[in-house]
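User: I've got a model open and want a quick walk through it. Can we start with the sheet?

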Amino acid sequence: MLPVISRNSWMPEVFRDFFDNDFMTRANATAPAINVKETEKDYTVEVAAPGMKSEDFNINVDNDGNLHIKMESKNEKKDENKKQHYLRREFSYSKYEQTLLLPDDVDKEKIAAKVNDGVLSIELPKIEKPVEEPARQIEVK
């Protein structure tokens, strides 16, 4: 049995080595990476969002207590130069939606988010529990 070779039929063979390599990323990207950290006081959700600005995000908590993260970015560049034509062009558009089930101990009124250096950070503070007095033994006289 012969091995199956996957070929991109739309691209001429002469351009395959130039365009189909690690230096030129492909447009069929997967979902961004997510990190979730926990400390005694809060949880932090980090979402990889290179090139995104704060206005590209929509974050909310629904009535069921789920955290919805939506990201959408469009970049349109128009070239008016008629002396050139595209051999390959990938539009810069990305859209991503994720729903996270929040733990019961998250204070949903104090959730905050910020974007810094291509990372969306969502702070999920925990509900402050009252400090319980330790049980004490009463001596009977």
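Analyst: Sure. Keep in mind that this is a predicted model. Four strands make an open sheet, ordered 1-2-7-6, with antiparallel pairing.

User: Which strands stand at the edges?
Analyst: Strand 1 (34-38) and strand 6 (112-116). Each has a single partner strand, so one side of each is left without a neighbour in the sheet.

User: What's the average twist from one strand to the next?
Analyst: The twist averages 20°.

User: How many bridges join strand 2 to strand 7?
Analyst: Seven. Strand 2 covers residues 42-48 and strand 7 covers residues 119-125, and the two run antiparallel. For a landmark, take threonine 44: its bridge partner in strand 7 is glutamate 123.

User: Switching to the core. Which residues have the most contacts inside the largest nonpolar one?
Analyst: Leu67, Ile69, Met71, Ile122 and Leu124. That core has 16 residues.

User: And which elements give two or more residues to it?
Analyst: Strand 2, strand 4 (66-75), strand 5 (92-101) and strand 7.

User: Zoom in on isoleucine 69. What is in contact with it, leaving aside neighbours within four places in sequence?
Analyst: The contacts of isoleucine 69 include Val47, Leu120 and Ile122. Tyr96, Glu97, Gln98 and Leu100 are also among them. Asn58 and Ile59 touch isoleucine 69 too.

User: Now rings. How many aromatic pairs turn up in the whole structure?
Analyst: Zero.

User: What sits over the ring of tyrosine 43, then?
Analyst: The charged end of lysine 126, at 4.8 Å from the ring centre.

Key:
Residues are numbered from 1 along each chain as its sequence is written. This is a predicted model: local features need pLDDT of at least 70, side-chain atom pairs count only at pLDDT 80 or more; totals for chains, interfaces and linings use all residues. Side-chain values use heavy atoms; hydrogens and water are left out. Two strands pair if DSSP finds at least two bridges between them. Axes are lines fitted to C-alpha atoms, for helices over the stretch in contact, and angles run from 0 to 180 degrees between N-to-C directions. Rings of Phe, Tyr and Trp (its six-membered ring) pair if their centres lie within 6.5 Å; planes under 30 degrees apart count as stacked, over 60 as edge-to-face and the rest as tilted. A charge sits over a ring if NZ of Lys or CZ of Arg is within 6 Å of the ring centre and within 35 degrees of the ring normal. A nonpolar core is a set of buried Ala, Val, Leu, Ile, Met, Phe, Trp, Tyr and Cys residues joined through side-chain atoms within 4.5 Å. Buried means under 20% relative accessible area, exposed over 50%, partly exposed in between (1.4 Å probe, protein chains only). Contact means heavy atoms within 4.5 Å.
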